[in-house]
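Grab a pencil and have a go at a few exercises on reading a protein structure. Try each task yourself before you look at the solution.

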Amino acid sequence: MAISRLYTLFLISIIFFSIKSHNSKAKEEEENTPINRFQRYLRFKTAHPNPNYTPPITFLIEQAQSINLTSRTIEFVSGKPVLIITWVGSKPKLPSILLNSHLDSVPAESEKWIHHPFSAHYSDDDGKIYARGAQDDKCIGVQYLEAIRSLKSRGFVPIRTVHISYVPEEEIGGFDGMSKFAGSPEFMELNVGFAMDEGQANPGDEFRVFYADRTPWELVIRAEGVPGHGAKLYDNGAMENLMKSVELISKFRETQFDFVKAGKFANSEVISVNPVYLKAGTLSTNGFVMMNMQPSEAEVGYDLRLPPMADPDVMRKRIAEEWAPAIRNMTYTIKEKGMLRDHLGRLIMTPANDSNPWWSIFKQAVEATGEKLAKPEILASTTDARYIRALGIPLFGFSPMRNTPILLHDHNEFLKDTVFMKGIEVYESVISALSSYEGVSDQVI
Ligand SMILES: *[C@@H]1O[C@H](CO)[C@@H](O)[C@H](O)[C@H]1NC(C)=O
Ligand SMILES: *[C@@H]1O[C@H](CO)[C@@H](O)[C@H](O)[C@H]1NC(C)=O
Ligand SMILES: *[C@@H]1O[C@H](CO)[C@@H](O)[C@H](O)[C@H]1NC(C)=O
Ligand SMILES: [Zn+2]
């Protein structure tokens, strides 16, 4: 009796220890998976307003070293490094392939998230990885490297050199990041023939791909006029003059929006002009607006977005003559946050049809993984891609996320493990195809 009880205890403890050691083994393995490396990259706090770029760059350099890729960092602006990782091809004189992503992300209000935005929580039940940056765009930053890791393990050798760049400050306009990098001699030396940058998720079954970005303009219109008593009816007050412009702009906005509503154009193919602030009113000494005064100054701010086909001269003329005419005592400022034409006067967009061999290679490589591309689009917002396209380099925006809600800049941003892993497979196909292309039809800049 005693012996059998002892024996049972012995058995139980063997089972217990074997389960325990099995668990810790599983954990060790887990620490070296692509998902785990994705989680580690997501945990770096590179959100504005205080992104710390050093730890993620150290991590990425370690990853590069683990697969024998060379890397270097360049600081165009102190504390805002650009990292370039390089896989040298067998014909390094051919123009290279550049895969870009940004290191930074927008802020996150952690109290509005179901999991902390920098914990990279991995849900067991549904495979979702929650983190700020999971979709925008730390996924691609890791997928590029994982795809190369996998290609290397299969003995693949690229013909063209492949560069991966990690840039700071995209979310605040890229002025201290890609803008400086793209304009540098170091960038010229990379001799880039074709580039890829971030895209966007699709709730549907296909991957989205972007061949142009819209260009943002910040428009501020000011009106001046004689001030007057709130009870007085008179002409040419500042508010009255400003409201005339606001009405005109609203009409223009409506005509553009009508094209979208009628299904003639996509949102990103029209000019959007959205009011973002209105400022007027005379303040009393205790800080309240004087309700019986018509003010002498009034101001309105607009977010304007122009698709690549829009004519910037026509737009400037419309603003000067109709929206803010000097004869109505109005002034304006436009901050053009990008260009609509390159230095040769060409539209800044990459042909997404068979006239562009890079398109055909890219499309076939995606389809070879059993996936489909949606109709190529113009991105409604703006990315660092514009700085590269402006150099005459063909570039597609692409983040392989399908059956995924669009959560960039939103609370509870997540990416599913299966979607992330599929993305690696897609990049393997895309990177091997692009880097194997020996054709002579590189665009001459
Ligand atoms: C990196 O290079 C070393 C030395 O040449 C080699 O032993 C190792 O297998 C390489 N690792 C990878 C992932 O290519
Ligand atoms: C412009 O300002 C001047 C000086 O205040 C004023 O006399 C005139 O009526 C204003 N014109 C318009 C169209 O607002
Ligand atoms: C390809 O796209 C470009 C730019 O959108 C266009 O100008 C050209 O006509 C298209 N070519 C073909 C063969 O469809
Ligand atoms: Zn982004």
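Below are five exercises, each with a worked solution.

**Before you start**

This is a predicted model, where local features need pLDDT of at least 70 and side-chain atom pairs count only at pLDDT 80 or more, while totals for chains, interfaces and linings use all residues. Residues are numbered from 1 along each chain as its sequence is written, chains are lettered from A and ligands numbered from 1 in the order in which they are written, and side-chain values use heavy atoms, with hydrogens and water left out.

**Exercise 1. Find the residues that UniProt lists as "active site" and work out where Asp104 sits.**

Step 1. Start with the record: the unreviewed UniProt entry lists Asp104 and Glu170 under "active site". UniProt positions are given in the numbering used here, feature names are shortened, and annotations may be inferred rather than shown by experiment.

Step 2. Check how they sit in space. They span 67 residues in sequence, but no two of their C-alpha atoms are more than 6.7 Å apart, so they gather at one spot.

Step 3. Place Asp104 on the chain: look in the loop between β3 (96-102) and β4 (121-122). Helices (H or I, at least four residues) and strands (E, at least two) are DSSP runs, numbered from the N terminus.

Step 4. Is Asp104 buried or exposed? Its relative accessibility is 0%, so Asp104 counts as buried. Here buried means under 20% relative accessible area, exposed means over 50%, and partly exposed is in between (1.4 Å probe, protein chains only).

Step 5. Look for company. Contact means heavy atoms within 4.5 Å. Leaving aside neighbours within four places in sequence, Asp104 has contacts that include Thr46, His48, Tyr53 and Glu170. Its side chain also reaches the backbone nitrogen of Glu169 at 3.4 Å.

**Exercise 2. Describe the surroundings of Glu170.**

Step 1. Glu170 belongs to the loop between β6 (162-167) and α5 (178-182).

Step 2. With a relative accessible area of 8%, Glu170 is buried.

Step 3. Once you skip neighbours within four places in sequence, Glu170 touches His102, Asp104, Glu198, Thr382, Thr383 and Asp384.

Step 4. Which side chain makes a polar contact with the side chain of Glu170? That's His102, at 3.4 Å. A polar contact is a pair of N or O atoms within 3.5 Å; within protein, one must be able to donate a hydrogen and the other to accept it, and residues adjacent in sequence count only if both atoms are side-chain atoms.

**Exercise 3. Track down the residues that UniProt lists as "binding site".**

Step 1. The unreviewed entry names Asp136, Glu171 and His409.

Step 2. Why do they gather at one spot? They span 274 residues in sequence, yet no two of their C-alpha atoms are more than 10.0 Å apart, so they end up together.

Step 3. Now check the largest pocket: its lining includes Asp136, Glu171 and His409. On a 1 Å grid over the protein atoms alone, a pocket is an open set of points where a 1.4 Å probe fits, with protein on both sides within 12 Å along at least five of seven lines; lining residues have an atom within 4 Å of a point.

Step 4. Zoom in on Asp136, in the loop between β5 (128-130) and α4 (138-153). Asp136 is buried at 4% relative accessibility, and a polar contact of 2.9 Å joins its side chain to that of His409.

Step 5. Finish with Glu171, which is in the loop between β6 and α5. Glu171 counts as buried at 19% relative accessibility, and among its contacts beyond four places in sequence are His48, Asp136 and His409.

**Exercise 4. Find the polar partners of the Glu371 side chain.**

Step 1. Glu371 lies in the loop between α9 (357-367) and β15 (377-379), and is buried with a relative accessible area of 8%.

Step 2. One partner is the side chain of Arg402, at 2.6 Å. Another is the side chain of Lys422, at 3.3 Å.

**Exercise 5. List the residues around ligand 2 and say how much of it the protein covers.**

Step 1. Asn236, Asn241, Ile327, Arg328 and Asn329 surround ligand 2 (a residue is near if one of its heavy atoms lies within 4 Å).

Step 2. A polar side-chain atom of Asn241 is 3.1 Å from an oxygen atom of ligand 2.

Step 3. On its own, ligand 2 has 360 Å² of accessible area, and the protein covers 50% of that. Accessible areas come from the Shrake-Rupley method with a 1.4 Å probe; for residues, only the protein chains shown count as cover.
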